[in-house]
Amino acid sequence: MNKFKIILLLFVLLSISLTANASDSYAKRKAVQTASEVAQFNSAMDRGKEYGYNSEGLAKYFALGMPDTTTSGSVLKTKYYGDWTFTGDGSCSQIGKCFIAITLKNGEKFTIPLIKDSEGYIVVK
């Protein structure tokens, strides 16, 4: 009987761990999807280019299409997807020069590369 309880406990702990990792992956996918949708929306609405391509300008650009956020300099604090810190070199004409460094609420960190398209809008790569 004790072996059964131990195995059951291990199974429950493993299930919780897998569920937590699935949630983390979901939050990451949703953050990337949100960034991509905001960039597409701003392009379709012909807005945001006036902010430029430096770190603070990129934060303002993405804040346009994201409700429930606050912006402080180059940091955008989101309600669901943690803190987004923008880095922009002023032109965003090369991959790696402009990106979003995201820290999810669970502490996971990752980056999303950005680049300017031929019309001057930001695109998620």
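This is a short walk through the sheet and the helix across it in a predicted model.

Okay, confidence before anything else. The chain has an average pLDDT of 85, and 81% of the residues score at least 70. The part I'd skip today is residues 4-22: pLDDT stays under 50 there, and the model gives that stretch zero contacts beyond four places in sequence.

Now, the sheet. It's an open one with six strands, ordered S1-S2-S3-S4-S5-S6, and the pairing is antiparallel. At the edges you've got S1, residues 69-72, and S6, residues 122-124; each has a single partner strand, so one side of each goes without a neighbour in the sheet. If you ignore direction, neighbouring strands are turned by 25° against each other on average.

Let's go to S4 and S5. These run antiparallel and are joined by six bridges, with Ile 100 standing opposite Ile 112 in S5. The two strands make a hairpin with five residues between them, and in the turn Gly 107 has a positive phi of about 95°.

Moving on to S5 and S6. Here three bridges join the strands, again antiparallel, and Ile 115 has Val 123 in S6 as its bridge partner. This hairpin also has five residues between the strands, and Gly 120 takes a positive phi near 95°.

So what lies across S1, S2, S3, S4, S5 and S6? That's helix H2, residues 55-63, which runs at about 135° to S3. If you're finding your way around on screen, S3 is residues 83-87, with S2 at 75-78 and S4 at 98-103.

That's it from me.

Notes. Residues numbered from 1 in each chain as written. Predicted model: local features only at pLDDT ≥ 70, side-chain atom pairs only at ≥ 80, totals over all residues. Heavy atoms only, no water. pLDDT = per-residue confidence, 0-100. Contact = heavy atoms within 4.5 Å. Pairing = 2+ DSSP bridges. Helix = DSSP H or I, 4+ residues; strand = E, 2+ residues; numbered from the N terminus. Axes fitted to C-alpha atoms, helices over the stretch in contact; angles between N-to-C directions.
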